[in-house]
Amino acid sequence: MIAFVQGPVAVVGAGVAVVEVGGVGMAVQCTPTTLATLRVGEVARLATSLVVREDSLTLFGFVDDDERATFEVLQAAPGVGPKLAQAILGVHSPEALRVAVAGGDEKALIAVPGIGKAKAAKLLLEYKDKLGAPHGTVPAQKPVASGPAPWHEQLHAALVGLGYAPREADEAVARVAPDAEAQPVPDVGALLRLALRGLNRAR
């Protein structure tokens, strides 16, 4: 198993980053919030989980070991593959997810693209005894370092990567603009969660 990759970031694209490890470019599938923390040319360390299929080997990357462990637990539920598990973590941090499951919060799961009310109810039952109790307060996301891509471009790309139409993404970005402008360094992860809540209410 490849437990982590570490090295200079060569590429940050839609849903994937390429990290150079020993002269080899490792393509790592990441959530939009994880991608927002990466900068081309800077050294990054991503915890990883290798998903093996008959016709593919796919490496998924995470900001820490807790997120990777949660990703692997999420796939233990029927009907949840790596892509949906990744989508869940694109919306909720592991601790926020533990809080939601412990509190039976269906709306939190429905906020994830691809999960409806019936599936959310089933997943709450599936995960109740698997994710564990919340560790404490939900940690704030670290502010994203300054870089060439403005916050609104990162946020737009993240929403499109989660399956929203470009027009929906444009409207969501406009709604959270006042919150972003009030921050010295816009926190793309927090803005993404705020935008998703707005999109969920609009649907």
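A surface patch, as the word is used here, is made of residues with over 30% relative accessible area and no salt bridge, and nonpolar side chains such as Val and Leu are joined into one within 5 Å. Please keep in mind throughout the tour that the model on your screen is predicted.

Begin on the outside by selecting L50, V52 and L57, which together make a nonpolar surface patch of about 280 Å². Stay with L57, which has its place in strand β5, residues 56-62; this residue counts as exposed because its relative accessibility is 63%, and the cut-off for that word is over 50%.

Now follow strand β5 to F60, and select F71 along with it. The whole structure holds 2 aromatic pairs, and F60 with F71 is a tilted one, with 5.1 Å from centre to centre and 35° between the planes. Because F60 lies in strand β5 and F71 in helix α2, the pair ties together parts that are 11 residues apart in sequence. Is each of these two residues buried or exposed? F60 counts as buried, since its relative accessibility is 2%, and F71 counts as buried too, at 0%.

Add F62 to the selection, and a tilted aromatic pair between F62 and F71 comes into view, with centres 4.8 Å apart and planes at 45°. F62 has a relative accessibility of 0% and therefore counts as buried. Taken together, F60, F62 and F71 form one aromatic cluster.

From here, turn to the interior. In soluble globular proteins, nonpolar side chains tend to be buried together. The largest nonpolar core in this model has 43 residues, and the members that touch the most others are L74, I115, Y127, W151, L155 and L159, which make a convenient selection. To see which elements contribute, colour β5, α2 (65-74), α3 (82-91), α4 (94-102), α6 (117-127), α7 (151-161), α8 (166-181) and α9 (188-202), each of which supplies at least two residues of this core.

Apart from that core lies another, of 11 residues, and selecting V9, V19, A44 and L46 will show you some of its members.

As a last stop, centre the view on Y127. Which residues is Y127 in contact with, once its neighbours within four places in sequence are left aside? They are V73, L74, A77, V80 and V101, and of these L74 is also among the core members that touch the most others.

Note on methods:
Residues numbered from 1 in each chain as written. Predicted model: local features only at pLDDT ≥ 70, side-chain atom pairs only at ≥ 80, totals over all residues. Heavy atoms only, no water. Patch = residues over 30% accessible without salt bridge, like charges linked within 9 Å, V, L, I, M, F, W, Y side chains within 5 Å. Areas by Shrake-Rupley, 256 points an atom, 1.4 Å probe, with all protein chains shown as cover. Salt bridge = Lys/Arg side-chain N within 4 Å of Asp/Glu carboxyl O. Helix = DSSP H or I, 4+ residues; strand = E, 2+ residues; numbered from the N terminus. Buried < 20%, exposed > 50% of the residue type's maximum accessible area, 1.4 Å probe, protein only. Core = buried A, V, L, I, M, F, W, Y, C linked by side-chain atoms within 4.5 Å. Contact = heavy atoms within 4.5 Å. Phe/Tyr/Trp six-rings, centres within 6.5 Å; stacked < 30°, edge-to-face > 60°.
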